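Visitor: I would like to learn how to read a protein model. Could you walk me through it, one feature at a time?

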Amino acid sequence: MKAFAVLALFIAAVSAEVYFKETFGDGWEKRWVKGDKEAYKGDFKLSAGKHGTDKGIMTTPDASFFGIVATAEKEFGNEDKKLVLSYSVKSDQALTCGGNYIKLHPASVKPAEYTRDVPYFIMFGPDQCGSDKKIHTIFNYSGEAKLWKKTPRPEADKLTHVYTLIVNPDNTYEVQVDQKKVESGSLEEDWDFLAPKVIDDPEDKKPEDWVDSEMMDDAEDKKPEDWDKAPETIADPEASQPDDWDEEEDGKWEAPMIPNPDFKGEWKAKQIKNPAYKGVWAPKQIENPAYKPDVNLYLSREPLQSVSIDLWQVEAGSVFDNFIIADNLDEVNAFIDSTWAKSKDAEKTATDAAEEAQKAKDEEARKAAEAEAKSKEDTKGEDEDDEEKDEM
């Protein structure tokens with residue numbers, strides 16, 4: 001039994017196929033083509049970013065559109081196979097508005113003709129603008145972009161993180177961050193690929209005698225006879241006529257009006273439970289004649305071949321690295337182990353040390369500012385004492 005398991009793992013490893021891999025070593029500029037220069041004013045430079053150890057490509061400058069695309073050696077598809085898409089990204093600046101996602105494109109997309117309008121099969125990765133922060137997973141299905149109903153939040157620190165999407169041929173999926181699952185489920189349930197299975201019956205109408213008011217006035221509750229006795233406003237009893245008031249010029253003086261503390265407002269009967277209440281009415285559900293199942297929701301209808309970074313950023317400085325697209329999660333995890341996992345601890349240690357050093361510097365500056373302010377205050381006090389002595 002053990003020998004069979006080992007054999008199965010060996011066969012899986014041999015059959016695993018890596019379609020695309022990029023660590024931005026020598027010659028990356030030839031493998032990646034910048035998109036339309038009029039549409040994409042932003043650029044990319046090789047950098048590990050602050051406190052990083054592995055170099056990737058960094059967005060620059062701020063407030064720019066960025067577009068760059070690379071092509072796999074050959075076309076690939078995902079029919080009856082798992083599709084695993086993974087990459088790492090970090091932001092040296094805290095994004096207030098911008099994306100850190102990537103796109104997977106059909107083979108028909110030509111790098112030399114890359115623009116913001118070219119079709120994509122999947123758009124995946126972190127995005128935020130203001131308080132709206134989410135990991136996008138958007139599929140192009142029948143020519144329409146289908147948004148993910150779930151909105152997991154991306155990592156918010158300035159460290160490198162790995163985002164991985166797994167699309168399975170049984171129409172399920174999983175999203176991982178740093179090799180840990182953050183979401184999973186059914187493609188049909190979590191995206192509006194298809195028309196709903198059931199809909200409201202258009203022939204089902206709410207009965208005229210249906211009571212949908214849960215509460216009602218208490219018929220036994222009567223308004224007290226003196227309820228409206230107190231007016232809404234009264235003359236201010238503490239006000240007095242000004243000494244300089246002239247009735248000939250100003251007219252007869254009247255105290256200003258103020259809210260009456262005894263005013264009770266509009267009377268309303270006490271609410272009690274309605275014995276005739278039937279609940280919230282809803283029409284019957286019927287099968288939707290427009291619903292057509294699709295066992296191939298996971299499938300790219302066209303061969304795939306290119307991957308791109310296509311986004312807007314208010315704050316640039318994002319470092320993209322360690323791209324891999326394959327049909328086997330073990331293969332992808334082995335790649336992540338050999339790249340991000342080896343450097344993450346060193347990056348965190350360096351980042352923590354830099355943050356502590358900055359805190360110490362800020363505290364030193366704060367104390368210096370306080371000392372300077374106190375010195376100025378002491379000097380001012382001494383000058384005032386000297387002036388008083390001179391006057392004496």
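Visitor: How much space lies in the second largest pocket?

Guide: This is a predicted model, and a pocket in it is read by its volume and its lining. The second largest pocket holds about 240 Å³ of space. It is lined by 14 residues, and Phe121, Asn140, Ser300, Arg301 and Glu302 are the closest to its centre. Sorted by class, the lining has eight nonpolar, four polar and two charged residues.

Visitor: And how much space lies in the largest pocket?

Guide: The figure there is about 300 Å³. Its lining counts 20 residues, and those nearest the centre are Ser91, Gln128, Glu155, Ala156 and Asp157. You can also ask which elements supply the lining: strand 6, strand 9 (122-129) and strand 12 each give two or more residues. By class, this lining divides into eight nonpolar, six polar and six charged residues.

Visitor: Let's move on to the nonpolar residues. What is the general idea?

Guide: In soluble globular proteins, nonpolar side chains tend to be buried together. Now the case in front of us: the largest nonpolar core has 51 residues, and Leu83, Ile122 and Phe323 have the most contacts inside it. Strand 5 (residues 64-76) contributes the most to this core, with five residues. There is also a second, separate core of nine residues, with Val162, Ile324, Val332 and Ile336 among them.

Visitor: Which residues does Ile122 touch?

Guide: When residues up to four places away in sequence are not counted, Ile122 touches Leu83, Leu85, Ile102, Lys103, Leu104, Ile138, Phe139, Leu165 and Val167.

Visitor: How many aromatic pairs are found in the whole structure?

Guide: The search finds 21. To read one pair, look at the distance between ring centres and the angle between ring planes; planes under 30 degrees apart count as stacked. Tyr87 and Phe320 are a good example: their ring centres are 6.2 Å apart and their planes meet at 15°, so this pair is stacked. Tyr87 belongs to strand 6 (residues 83-91) and Phe320 to strand 22 (residues 318-326), so the pair ties together parts that are 233 residues apart in sequence.

Visitor: Are Tyr87 and Phe320 buried or exposed?

Guide: Buried means under 20% relative accessible area. Tyr87 has 0% relative accessibility, so it counts as buried. Phe320 is buried too, with a relative accessible area of 0%.

Visitor: Could you show me another pair?

Guide: Try Trp148 and Trp191, a stacked aromatic pair with 5.6 Å from centre to centre and 5° between the planes. Trp148 sits in the loop between strand 11 (144-146) and strand 12 (161-167), while Trp191 sits in the loop between helix 3 (187-190) and strand 15 (198-200); the pair links distant parts of the chain, 43 residues apart. Trp148 counts as buried at 8% relative accessibility, and Trp191 is buried with a relative accessible area of 1%.

Visitor: Which residues form one aromatic cluster?

Guide: That cluster is made of Phe20, Phe24, Trp28, Trp32, Tyr87, Phe124, Tyr163, Phe320 and Phe323. You have met Phe323 already, as one of the residues with the most contacts inside the largest nonpolar core.

Visitor: One last residue, please. Where does Ser343 lie?

Guide: Ser343 lies in helix 6 (residues 340-391). With 13% relative accessibility, Ser343 counts as buried. Setting aside neighbours within four places in sequence, Ser343 is in contact with Thr53 and Asp54.

Note on methods
Residues numbered from 1 in each chain as written. Predicted model: local features only at pLDDT ≥ 70, side-chain atom pairs only at ≥ 80, totals over all residues. Heavy atoms only, no water. Phe/Tyr/Trp six-rings, centres within 6.5 Å; stacked < 30°, edge-to-face > 60°. Helix = DSSP H or I, 4+ residues; strand = E, 2+ residues; numbered from the N terminus. Buried < 20%, exposed > 50% of the residue type's maximum accessible area, 1.4 Å probe, protein only. 1 Å grid on protein atoms, 1.4 Å probe; cavity = no way out; pocket = protein on both sides within 12 Å on 5 of 7 lines; lining within 4 Å. Points joined across faces, edges and corners; volume = space filled by probe spheres on them. Nonpolar A, V, L, I, M, F, W, Y, C, P; charged D, E, K, R; others polar. Core = buried A, V, L, I, M, F, W, Y, C linked by side-chain atoms within 4.5 Å. Contact = heavy atoms within 4.5 Å.
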